[in-house]
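This briefing concerns one protein model and sets out its local environments and its strand arrangement by topic. Please consult the sequence and structure shown here alongside the points that follow.

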Amino acid sequence: MSTSAHPSADAADVIHAGGTVTDRLVEANERYAADFTDPGMDARPVLNVAVVACMDARLDLHAALGLELGDCHTIRNAGGVVTDDVIRSLTISQRALGTRSVMLVHHTGCGLESLTEDFRHELEDEVGQRPAWAVEAFRDVDQDVRQSMQRVRTSPFLLHTDDIRGFVFDVTTGLLREIDPS
């Protein structure tokens with residue numbers, strides 16, 4: 001399967017033949033499964049770390065961080081923002097599956113920098129119901145990383161809050177820049 005930002009010829013053929021991108025992904029899975037061997041590992045990450053990151057398609061976290069299958073738990077959402085659901089996942093990761101460290105990865109050029117909470121009002125106007133969730137838009141990525149670190153550090157549900165570090169991934173250079181929590 002191609003990792004480029006543009007669909008491969010095979011993807012275009014599937015889409016033009018009446019198939020969907022999901023059909024393409026299911027077909028790719030069938031090819032993957034044909035050679036699949038059970039790695040014999042459980043859900044506990046080898047490195048005892050959970051990585052919270054943005055869902056942006058430009059972030060290949062495993063490659064950028066030198067991770068292999070089974071090394072970490074990966075939790076992704078729009079902006080990599082620490083929401084209640086992220087706390088839920090981190091709590092399960094720590095309390096049930098043994099992680100001790102949390103790495104937060106936001107990035108340059110995030111789409112949440114161009115949104116506002118007005119997005120929720122626009123949705124309400126369109127569909128007749130305002131979402132219960134906040135957009136969590138931000139203007140300063142460094143400050144948003146600090147806020148996310150603080151949310152993790154102060155959660156009463158998390159057992160391990162002494163190794164919480166936050167970073168901004170530069171989408172043009174591939175480098176991480178650590179954010180001072182203060």
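Gln94 is located in helix α4. The model is predicted, and the points below begin with this residue before turning to the sheet on which its helix packs.

**Gln94 and helix α4**

- Gln94 has a relative accessible area of 4% and is therefore buried, the limit being under 20%.
- Leaving aside residues up to four places away in sequence, Gln94 touches Thr99, Arg100, Val102, Leu158, Leu159 and His160.
- One of these contacts, Val102, belongs to a covered face of strand β3.

**Sheet architecture**

- Five strands make up an open sheet with mixed pairing, in the order β2-β1-β3-β4-β5.
- The edges are occupied by β2 (72–77) and β5 (176–179); each has a single partner strand, so one side of each lacks a neighbour in the sheet.
- On average, neighbouring strands of this sheet are turned by 25° against each other, direction ignored.
- Helix α4, spanning residues 84–97, packs on the sheet and touches β1, β2 and β3, and its direction makes about 170° with that of β2.

**Strand pairing**

- Strands of a sheet pair through backbone hydrogen bonds, in either a parallel or an antiparallel sense.
- Strand β1 (residues 49–54) pairs with β3 in the parallel sense, over five bridges.
- Strand β3 also runs parallel to strand β4 (residues 164–169), to which six bridges join it.
- Val102 of β3 stands opposite Ala50, and its bridge partner in β4 is Ile164.
- Strands β4 and β5, by contrast, run antiparallel and are joined by four bridges.
- Gly166 stands opposite Ile179 in β5.

**Burial of strand β3**

- Strand β3 comprises residues 101–107 and is mostly covered, with seven of its seven residues buried.
- Ser101, Met103, Val105 and His107 lie on one side of β3, and these residues are buried.
- Val102, Leu104 and His106 lie on the other side and are likewise buried, so that both faces of the strand are covered.

**Aromatic pair**

- The count of aromatic pairs comes to one.
- This pair is formed by Tyr32 and Phe36, at 5.4 Å centre to centre and with 50° between the planes.
- The pair counts as tilted because its angle is neither under 30 degrees, as for stacked planes, nor over 60, as for edge-to-face ones.
- Phe36 has a relative accessibility of 44% and so counts as partly exposed, a class that lies between the 20% and 50% limits.

Methods. Residues are numbered from 1 along each chain as its sequence is written. This is a predicted model: local features need pLDDT of at least 70, side-chain atom pairs count only at pLDDT 80 or more; totals for chains, interfaces and linings use all residues. Side-chain values use heavy atoms; hydrogens and water are left out. Rings of Phe, Tyr and Trp (its six-membered ring) pair if their centres lie within 6.5 Å; planes under 30 degrees apart count as stacked, over 60 as edge-to-face and the rest as tilted. Buried means under 20% relative accessible area, exposed over 50%, partly exposed in between (1.4 Å probe, protein chains only). Helices (H or I, at least four residues) and strands (E, at least two) are DSSP runs, numbered from the N terminus. Two strands pair if DSSP finds at least two bridges between them. Axes are lines fitted to C-alpha atoms, for helices over the stretch in contact, and angles run from 0 to 180 degrees between N-to-C directions. Contact means heavy atoms within 4.5 Å.
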